[in-house]
Amino acid sequence: MCYAIPGKVKQILDRKVIVDYFGEERKAHNEIADLHIGDYIYAQGGFVIKKVPPSEAEEILSTWKEMFFELQQIDVRLSQVGLEKVRLDKKISRILDRATQGFPPSKDEMKYLFYCNDNSQLDIIFKTANFLRQKYHKNACCVHGILEISNYCKQECLYCGISKNNKHVKRYRMRGNEIVDAAYEAIEKYGFKALVLQSGEDTAYSIEELVEVIGEIKRRAPVLIFISFGEVGIEGLQKLYDAGARGLLLRFETSNPELYKKTHPGCNLETRLLHIRKAYEMGYLILTGGLIGLPDQTLDDVIDDIYLAKELHAEMYSFGPFIPHPDTPLGHIEPIIELDMLKILAGARLIDPENGKVLITTAFETLSPNARRKGLLSGGSSVMLNVTPISYREKYDIYPNRAYRSEVIQNQIDETIDLLRSLGRAPTDLGIK
Ligand code: 5AD
């Protein structure tokens with residue numbers, strides 16, 4: 001199974017190419033020197049990842065073609081809003097109407113939507129988000145892999161199970177060749193086209209070592225690499241970009257500077273945001289968002305979070321519930337409920353219908369058993385599968401009982417493909433429009 005469909009290059013415009021997928025045209029950035037019109041390629045996150053030999057591409061396309069249109073039909077059917085049975089609140093109705101006409105809700109309007117606690121009204125809000133997802137993204141669902149390379153961390157974030165203050169956690173650090181081998185396996189054996197490399201803020205890796213690892217992965221196999229090593233410094237970001245990383249997963253965690261300070265001793269929001277902004281200027285795809293349910297976080301904070309992610313040019317919105325870890329200072333705090341998380345996914349979709357992918361996070365899946373299905377039907381368009389070797393994965397204990405902490409990669413893939421098929425989604429990333 002592959003996680004992208006081959007496309008055919010139709011036009012080359014400097015470093016952008018126009019790619020055809022069953023009659024749909026998308027743009028992608030190209031960094032491959034000898035690319036020609038008529039070549040088949042894989043693209044991820046709007047980047048051309050590799051050329052595909054024509055015979056291989058044509059074979060894959062012929063098996064996909066029928067299924068692709070079938071899936072699209074299922075998706076279209078599931079994304080109808082179906083207003084007939086509900087007497088929608090007038091104000092909600094107006095907000096949603098305007099959102100579908102291309103006028104995203106204001107913060108006050110978003111707050112009004114979030115105040116809603118009536119299930120049938122909420123259902124329409126979620127369905128409208130799903131309608132918008134379908135309208136702009138069709139049935140594409142992004143499936144990335146995440147490889148957690150080390151759980152050492154110099155930071156003391158109050159909520160996090162791998163904070164340096166947690167003396168109970170068993171630490172691990174993958175060596176360079178282990179990282180490259182695990183990434184290679186995810187790409188070549190399991191077909192991932194995009195990988196996130198993540199760790200705590202582990203000072204034992206130098207930027208030069210990480211540069212080496214990224215370079216080696218890219219030399220061995222074609223892939224879109226996202227880095228998620230925390231705050232590596234602006235210079236570090238540039239060096240990692242030059243080594244071939246093209247995405248940054250760095251949450252700002254909360255848009256409230258005071259709350260940020262309280263929950264991240266010794267750190268500040270400004271530095272965090274500077275990393276994200278500079279990374280965007282360098283050309284990184286930005287995956288960002290926050291933690292929902294921190295103590296003293298208000299509804300206004302949460303709404304500000306969603307708009308901040310948009311302002312930061314989120315390619316992907318990554319919002320997850322805070323889950324209490326018993327060995328942290330916030331171990332006693334109750335997490336939010338499923339509906340609140342669905343509101344946030346839908347909210348992100350409503351304000352950014354066209355550009356953003358909306359991730360169903362593992363934390364949400366840990367909080368609630370049907371999160372993935374419900375999230376994908378409420379504006380979500382993306383999932384991440386964990387490709388960390390299992391012996392390490394269990395130690396990446398940012399919060400307890402993480403979903404998929406002991407599930408082999410193939411099972412995660414099979415489960416994901418089954419779910420996506422039932423929803424009419426194709427595990428593909430057709431790139432930017
Ligand atoms: N619950 C949920 N998410 C958490 N993270 C860290 N600790 C927790 C927790 N207790 C998230 C942070 C970080 C990401 C890697 O993990 O948001 O950005």
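User: Which residues of helix α5 are the buried ones?

Analyst: In this predicted model, the buried residues of α5 are I179, V180, A182, A183, A186 and I187. The word buried is used for a residue with under 20% relative accessible area.

User: What makes these buried residues line one face of the helix?

Analyst: If you look down the axis of α5, its buried residues fall within an arc of 165°, and so they line one face. An α-helix has 3.6 residues a turn, so residues three or four places apart point the same way.

User: What do the buried residues of α5 pack against?

Analyst: They pack against two strands, β6 (142-150) and β7 (194-199), and against the helix α6 (207-220).

User: How do you know that the span of α5 is close to what is expected?

Analyst: Helix α5 covers residues 176-189, which is 14 residues, and from its first C-alpha to its last it reaches 19 Å, whereas 20 Å is expected at 1.5 Å a residue. After α5 comes G191, which has a positive phi, near 85°.

User: Why is K193 called buried?

Analyst: K193 has a relative accessibility of 9%, and the cut-off for buried is under 20%, so K193 counts as buried. This residue sits in the loop between α5 and β7, and a polar atom of its side chain lies 3.1 Å from the backbone oxygen of G191.

User: What makes that pair of atoms in G191 and K193 a polar contact?

Analyst: The limit for such a pair is within 3.5 Å, and the distance here is 3.1 Å, so the pair meets that limit.

User: Why is H144 called buried, and which residues does H144 touch?

Analyst: H144, whose place is in strand β6, has a relative accessible area of 2%; as buried means under 20%, H144 is therefore buried. Leaving aside residues up to four places away in sequence, H144 touches Q44, F192, A194, F226, M316, V383, M384 and L385.

User: Which residues are around the ligand, and how do you know that E253 makes a polar contact with the ligand?

Analyst: The residues around the ligand include Y159, Q198, R251, E253, I323 and Y399. An N or O atom in the side chain of E253 is 2.5 Å from an oxygen atom of the ligand, and the limit for a polar contact is 3.5 Å, so this pair qualifies. Nitrogen atoms of the ligand also lie 2.9 Å from a backbone N or O atom of Y159 and 2.7 Å from a backbone N or O atom of I323. Taken alone, the ligand exposes 410 Å², of which the protein buries 87%.

Note on methods
Residues are numbered from 1 along each chain as its sequence is written. This is a predicted model: local features need pLDDT of at least 70, side-chain atom pairs count only at pLDDT 80 or more; totals for chains, interfaces and linings use all residues. Side-chain values use heavy atoms; hydrogens and water are left out. Helices (H or I, at least four residues) and strands (E, at least two) are DSSP runs, numbered from the N terminus. The expected span of a helix is 1.5 Å times one less than its number of residues. Buried means under 20% relative accessible area, exposed over 50%, partly exposed in between (1.4 Å probe, protein chains only). The arc is that of the directions from the helix axis to the C-beta atoms. Contact means heavy atoms within 4.5 Å. A residue is near a molecule or strand if one of its heavy atoms lies within 4 Å of it. A polar contact is a pair of N or O atoms within 3.5 Å; within protein, one must be able to donate a hydrogen and the other to accept it, and residues adjacent in sequence count only if both atoms are side-chain atoms. Accessible areas come from the Shrake-Rupley method with a 1.4 Å probe; for residues, only the protein chains shown count as cover.
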